[in-house]
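Colleague: Could you take a close look at one part of this model for me, namely the helix that carries a shared salt-bridge partner, and set it in its surroundings? I would like a connected account that I can follow with the structure open.

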Amino acid sequence: MAGVKRADLAPTAAVKIIGAGTAACFADLVTFPLDTAKVRLQIQGESKTVKDSKAVKYKGVFGTITTMVRTEGARSLYSGLVAGLQRQMSFASVRIGLYDSMKQFYTRGSDHVSIGTRLLAGCTTGAMAVVVAQPTDVVKVRFQAQVRLTDGSSRYSGTMDAYKTIARNEGFRGLWKGTIPNITRNAVVNCAELVTYDLIKDLILKYDLMTDNLPCHFTAAFSAGFCTTIIASPIDVVKTRFMNSVAGQYSGAFNCTLTMLTKEGLAAFYKGFVPSFLRLGSWNIVMFVSYEQVKRAMMRAHQNWESH
């Protein structure tokens, strides 16, 4: 160990878990309005089947954002933020923070990590995170989807009220609504996001295209965001529709998929693609760049504390 410089010490599992949760919360704060716009665009087709035919029509990402600010006020863009941050602290810390540990588990400590192993590690931590954080995701989607009524009332008065109301009206299962499509989505998203980032970063460093610094992290994160959006968009739309549905609207996630396909066609699965990419692309950039910096800062602080 004497030959290893202090700066080269690898981050511990605890640093990765805390760092991932912190970076993901920061990324959520920056990109939350885009996520809310994405949710509104994804559920838009549903209003045709529901009584409120006078529902506000949204056009495009920035059109949605301006319509929401005009009709509901700027705060509506951050509706569900508390649940969103609760979700990231419990969710990202597991799916991103445990990714390296899971890779080591599957390779039994070997230095050679195949794409298959990376995919398996991504699927595992993605699924684990959903089981832990599903109620926070349900509440976040419900908040983002709710349109403030003309009398100022809304579906839920606050985050804790949403948890209680869902549990009371829909039973304990209501908080885990859409778990299967969400496990599918997050296993896919996690693989696309983390494996793409991991592979591109490794290739950039392997061929000395950049050093392990900000431009490298930015390039890898942008690529990861784009790949993830293409792969995950259809699952994401089904997840949003199903989580936001009223009791009995769909018999299950598969029924939700079939209903969308027959009533709205294939294009429905890519509803809100631009906000999805703006959101996932920018989220990935902010998250991965922050994550790398937070890990380094925490390890430096840890080393300084140990040296005193």
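Modeller: A surface patch is made here of residues with over 30% relative accessible area and no salt bridge, and nonpolar side chains are joined into one patch within 5 Å. In this predicted model, F226, I230, I231 and Y270 form such a nonpolar patch on the surface, with about 350 Å² of accessible area together. Y270 lies in the loop between α9 (253-264) and α10 (273-307), and because its relative accessibility is 37%, Y270 counts as partly exposed.

From the surface we can turn to helix α5, the part you asked about. The side chain of D137 forms a salt bridge with that of R87, at 3.0 Å from N to O, and this pair links distant parts of the chain, since R87 sits in helix α3 (residues 81-95) and D137 in helix α5, 50 residues apart. D137 also meets K239 in a salt bridge, with 3.4 Å from N to O; here the link runs from helix α5 to helix α8 (residues 214-244), where K239 is found, and the two residues are 102 residues apart. With under 20% relative accessible area taken as buried, D137 counts as buried because its value is 1%, R87 is buried at 6%, and K239 is buried with a relative accessible area of 4%.

Helix α5 (residues 115-145) also packs against helix α6 (residues 159-170), their axes coming within 10 Å and crossing at roughly 105°, which means that α5 is roughly perpendicular to α6. On the α5 side the contacts are made by P135, T136, V138, V139, R142 and F143, and these meet T159, A162, Y163, I166 and E170 in α6.

For the wider setting, the structure holds 21 salt bridges. One of them joins E292 to K201, with the closest N and O atoms 2.9 Å apart, and it too links distant parts of the chain, E292 being in helix α10 and K201 in helix α7 (residues 179-206), 91 residues apart. Both E292 and K201 are buried. Elsewhere, salt bridges that share partners join K16, D100, K103, R118, D198 and D202 into one network.

To return to your helix, D137 in α5 is thus the residue to find when you trace the salt bridges to R87 and to K239, while the contacts with α6 can be followed from P135, T136, V138, V139, R142 and F143.

Methods:
Residues are numbered from 1 along each chain as its sequence is written. This is a predicted model: local features need pLDDT of at least 70, side-chain atom pairs count only at pLDDT 80 or more; totals for chains, interfaces and linings use all residues. Side-chain values use heavy atoms; hydrogens and water are left out. Patches are made of residues with over 30% relative accessible area and no salt bridge: like charges are joined within 9 Å, nonpolar side chains (Val, Leu, Ile, Met, Phe, Trp, Tyr) within 5 Å. Accessible areas come from the Shrake-Rupley method with a 1.4 Å probe; for residues, only the protein chains shown count as cover. A salt bridge is a side-chain nitrogen of Lys or Arg within 4 Å of a carboxyl oxygen of Asp or Glu. Helices (H or I, at least four residues) and strands (E, at least two) are DSSP runs, numbered from the N terminus. Buried means under 20% relative accessible area, exposed over 50%, partly exposed in between (1.4 Å probe, protein chains only). Axes are lines fitted to C-alpha atoms, for helices over the stretch in contact, and angles run from 0 to 180 degrees between N-to-C directions. Angles under 35 degrees count as roughly parallel, over 145 as roughly antiparallel, 65 to 115 as roughly perpendicular and the rest as oblique. Contact means heavy atoms within 4.5 Å.
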